[in-house]
Amino acid sequence: KYWLKIDLTDLELYDILVFIDKKERPIHFGMYLNNYNFIHVEEDQYVTISLLNQEWRDMLEGAYRYVV
């Protein structure tokens with residue numbers, strides 16, 4: 001069992017997205033759903049579904065899949 005870093009073109013349901021700040025520290029996480037939508041909790045907000053647009057992609061460190 002391990003985490004596999006994957007390309008954005010290979011995203012599948014439940015893949016984990018890791019976002020970083022300008023100092024390259026992990027600051028945010030999300031779970032991929034479909035059609036470049038992901039579910040996450042923004043600070044001081046409820047669970048939300050967002051489009052993985054350019055703003056989010058600019059902060060994206062990578063996408064990971066848990067392989068059993």
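In this predicted model, tryptophan 56 has a relative accessible area of 12% and is therefore buried, the limit for that class being under 20%. Tryptophan 56 lies in helix α1 (residues 54-57), and its ring partner, phenylalanine 38, belongs to strand β4 (residues 37-41). The two residues are 18 positions apart, and their pairing links distant parts of the chain. Phenylalanine 38 is likewise classed as buried, because its relative accessibility is 0%. The ring centres of phenylalanine 38 and tryptophan 56 are separated by 5.3 Å, and the planes meet at 85 degrees, so the arrangement is edge-to-face. Through ring pairs, Phe38 and Trp56 are joined with Phe19 in a cluster.

The structure contains 5 aromatic pairs. One of them is formed by tryptophan 3 and tyrosine 66, whose ring centres lie 5.1 Å apart; with an angle of 55 degrees between the planes, this pair is tilted. Here, too, distant parts of the chain are linked: tryptophan 3 is located in strand β1 (residues 2-6) and tyrosine 66 in strand β6, with the two positions 63 residues apart in numbering. Strand β6 comprises residues 60-67.

Tryptophan 3 counts as exposed because its relative accessibility reaches 51%, over the 50% limit. Tyrosine 66, at 41%, counts as partly exposed. Together with Val68, Trp3 and Tyr66 make a nonpolar surface patch of about 390 Å². The residues of the tilted pair thus contribute to this patch, whereas phenylalanine 38 and tryptophan 56 of the edge-to-face pair are buried.

Methods
Residues are numbered from 1 along each chain as its sequence is written. This is a predicted model: local features need pLDDT of at least 70, side-chain atom pairs count only at pLDDT 80 or more; totals for chains, interfaces and linings use all residues. Side-chain values use heavy atoms; hydrogens and water are left out. Patches are made of residues with over 30% relative accessible area and no salt bridge: like charges are joined within 9 Å, nonpolar side chains (Val, Leu, Ile, Met, Phe, Trp, Tyr) within 5 Å. Accessible areas come from the Shrake-Rupley method with a 1.4 Å probe; for residues, only the protein chains shown count as cover. A salt bridge is a side-chain nitrogen of Lys or Arg within 4 Å of a carboxyl oxygen of Asp or Glu. Helices (H or I, at least four residues) and strands (E, at least two) are DSSP runs, numbered from the N terminus. Buried means under 20% relative accessible area, exposed over 50%, partly exposed in between (1.4 Å probe, protein chains only). Rings of Phe, Tyr and Trp (its six-membered ring) pair if their centres lie within 6.5 Å; planes under 30 degrees apart count as stacked, over 60 as edge-to-face and the rest as tilted.
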